[in-house]
Amino acid sequence: MNELSDKIKYWNPYIGGALLGVLLFLSFFITGHGLGASGGVNRIAVAVQDMVVPEHVDKSPYLAAMAGGDVDPLRHWIVLEVVGVMIGGFASGLLRNRVRLQTYHGPQITPRTRWAFAFAGGILMGYGARLARGCTSGQALSGGAVLSVGSWAFMFAVFAGGYALAWFVRRLWQPGE
Amino acid sequence: MAPFDLTATLGVTGSYLVYLGIGFGFGFILESSGFGDSRKLAAQFYFRELRVLKVMFTAIVVAMLLVFWASALGLLDYADIMVKETWLWPGIVGGLIMGVGFILGGYCPGTSLVSVATLKVDGMFFLLGHVVGVLAFGETVGYINEFWNSSYMGRFILPELFGLDIGVVVFLVVCLALAMFLGFGWIQRLIYGRGDPE
Amino acid sequence: MNALFNPRVLGAGFLLAAAGVLALYGQPDLEQKWAFMAPEYASRLEFREVYIDPAELLRLINDDYIELVIYDVRDERDWNIFHLADSERIDLKNLPTQRKRLRGLSELGVVVVVSNDEILATRAWKQLMALAKPNVYILEGGINHWLNIYGVVDEEHEHGTASLARPDGTLRHPFKLALGARHAAARPDEHLVPHREYTEKVKLLKKVKKAGGCD
């Protein structure tokens with residue numbers, strides 16, 4: 001997994017960023033709002049929850065707002081977008097032969113360890129995204145581009161949180177010292 | 001003037017196709033930029049690779065310029081587009097939690113989708129964790145309801161915060177992004193003696 | 001010299017230039033937004049589609065089902081002398097504060113703008129359209145016309161007929177006292193006023209349901 005050779009195959013980040021910026025603008029122009037991701041995962045999770053324990057969903061005001069009674073949590077643009085993201089990611093990977101069952105992990109740890117931390121990180125991400133009412137795609141990118149104060153504060157908090165902890169968990173990612 | 005009412009123009013199915021298309025573009029660009037790889041994402045926090053910073057801020061700056069130029073030319077009504085409302089402290093605390101989740105998990109929600117789409121097992125574990133986290137929030141939100149709904153400031157934008165014109169803030173944001181590219185690059189060279197492997 | 005044509009430097013320069021020019025060009029205010037909208041909506045003014053007869057306004061006032069908002073955009077002095085009982089006074093420059101409220105109006109929402117003649121009200125109409133595109137109309141002939149029809153002869157008000165021929169934005173009915181909304185004409189009793197024929201122009205808007213909001 002030589003980083004340098006991988007790099008040659010990926011787009012220049014400035015170009016990728018510029019294209020993403022154009023897409024984000026088109027999203028605002030055509031639909032009136034930006035991009036999103038965590039909201040979609042959230043709604044799918046709630047939809048499943050609604051199938052399994054509908055009475056519980058109806059009783060919680062937070063859940064009921066999305067899926068109470070007849071309300072279908074999946075009838076929302078962000079769910080469609082999340083599906084699109086997966087298809088698009090797959091298409092890009094397929095085109096470049098990057099669709100492969102494997103685990104990306106830092107050189108100092110095993111895949112198993114990586115899985116455990118990925119799961120743990122995912123839990124925090126899922127929880128944090130709901131608390132912040134968005135994730136890096138929705139809040140930071142979209143909210144940031146249209147100058148929302150909350151989005152910028154959020155963005156800096158994410159970077160701060162990541163950088164603050166990075167040194168302590170460097171074994172997860174850094175090559176051997 | 002944009003934005004237009006999508007459902008009225010294209011019908012519900014049509015509008016859903018548009019969202020699928022937008023999502024497709026989003027996922028495609030993310031994967032093409034290497035964001036399906038957790039190692040590249042995490043490398044940002046060690047200054048080893050500045051991909052995340054560059055893609056994010058370039059995207060924000062480009063989108064921002066396009067949005068406000070379109071607004072200036074009467075093509076798009078800024079008042080009609082969705083600006084994420086501000087709940088200041090839940091946003092900051094949630095952001096900190098997500099920062100920790102980012103460095104532990106190696107993904108953010110959007111990139112994890114791309115990772116799963118290319119069959120990366122660590123992405124799958126992350127997404128599973130994400131679902132658990134989301135459900136956990138749903139079950140416990142009752143206890144933190146007051147906090148979750150605190151510090152609501154509505155549609156609060158940077159120009160209002162600083163008392164500056166939109167155009168001035170846009171310019172300052174561009175300057176900030178460029179300064180960050182330069183600054184982070186300088187730190188990177190300091191630590192590793194090289195710039196981003198291009 | 002090479003450094004100058006480095007693509008990164010050029011890119012950065014381009015972004016700064018784009019932002020700089022944008023800052024100088026500025027964002028549109030309500031008057032400019034109206035200018036962008038005018039081709040599509042100006043005909044409503046030209047063909048008098050949004051000017052409603054005082055009798056129609058009276059009907060709206062007495063209609064219990066609609067959500068009626070009457071904006072009176074005249075100055076305080078005229079407001080204090082006479083204004084419609086169900087109206088609220090607002091200066092043109094404060095119209096932007098109404099955006100949220102106007103967006104929140106239901107399908108049954110109707111907005112009517114009122115001034116002495118039609119001059120100020122028409123300007124307000126344009127700005128409200130640029131602000132939120134509400135279901136908004138203008139009182140035809142303004143307060144002067146209203147009082148011609150519903151003004152009564154009494155001690156406080158020397159009833160005359162104000163000429164509508166040369167509208168100059170002034171209140172041309174003589175009042176001995178400033179009565180505000182206490183005058184009988186501020187809320188005419190629809191059962192007592194003479195019947196008046198008019199062309200109905202107010203239509204209720206169908207609110208389109210959007211496929212979900214932000215999150």
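In which sense do β2(C) and strand β4 of chain C pair, and over how many bridges? Select residues 67-72 and 109-114 of chain C: these two strands pair in the parallel sense over 6 bridges. Strands pair here if DSSP finds at least two bridges between them. Strands (E, at least two residues) and helices (H or I, at least four) are DSSP runs, numbered from the N terminus.

This is a predicted model, in which local features need pLDDT of at least 70 and side-chain atom pairs count only at pLDDT 80 or more, while totals for chains, interfaces and linings use all residues. Residues are numbered from 1 along each chain as its sequence is written, and chains are lettered from A and ligands numbered from 1 in the order in which they are written.

**Strand β2 of chain C**

Stay on the pairing with β4(C) and pick Asp72(C), which stands opposite Val114(C). Next add residues 87-89, strand β3 of chain C, which pairs with β2(C) in the parallel sense over 3 bridges. Of the 6 residues in β2(C), 5 are buried. A residue is buried if 20 or more other C-beta atoms lie within 10 Å of its own, exposed if 12 or fewer, and partly exposed in between, with C-beta atoms placed from the backbone.

**Ile70(C)**

Now select Ile70(C), a residue of β2(C). Ile70(C) counts as buried because 20 other C-beta atoms lie within 10 Å. Ser87(C) in β3(C) stands opposite Ile70(C). Leaving out residues up to four places away in sequence, Ile70(C) touches Leu84(C), Asp86(C), Ser87(C), Glu88(C), Val112(C) and Val114(C). Contact requires C-beta atoms, placed from the backbone, within 7 Å. For a distance check, pick Ile149(C): from Ile70(C) it is 79 residues away in sequence and 19 Å in space, C-alpha to C-alpha.

**Where chain B meets chain C**

Show chain B beside chain C. Here 25 residues of chain B are in contact with 19 residues of chain C. On the chain B side, α1 (6-32), α3 (51-72) and α9 (166-192) each supply at least two residues. The largest share, 7 residues, comes from α9(B). Colour this side by class to find 17 nonpolar, 5 polar and 3 charged residues. Ala, Val, Leu, Ile, Met, Phe, Trp, Tyr, Cys and Pro count as nonpolar, Asp, Glu, Lys and Arg as charged, and the others, Gly among them, as polar.

**Chain B as a whole**

Finally, select chain B alone, which has 9 helices and 2 strands. Their order along the sequence is α-α-α-β-α-α-α-α-β-α-α. The C-alpha trace spans about 50 × 40 × 40 Å along its principal axes. Of the 198 residues in chain B, 58% are buried.

Terms used. Contact = placed C-beta atoms within 7 Å.
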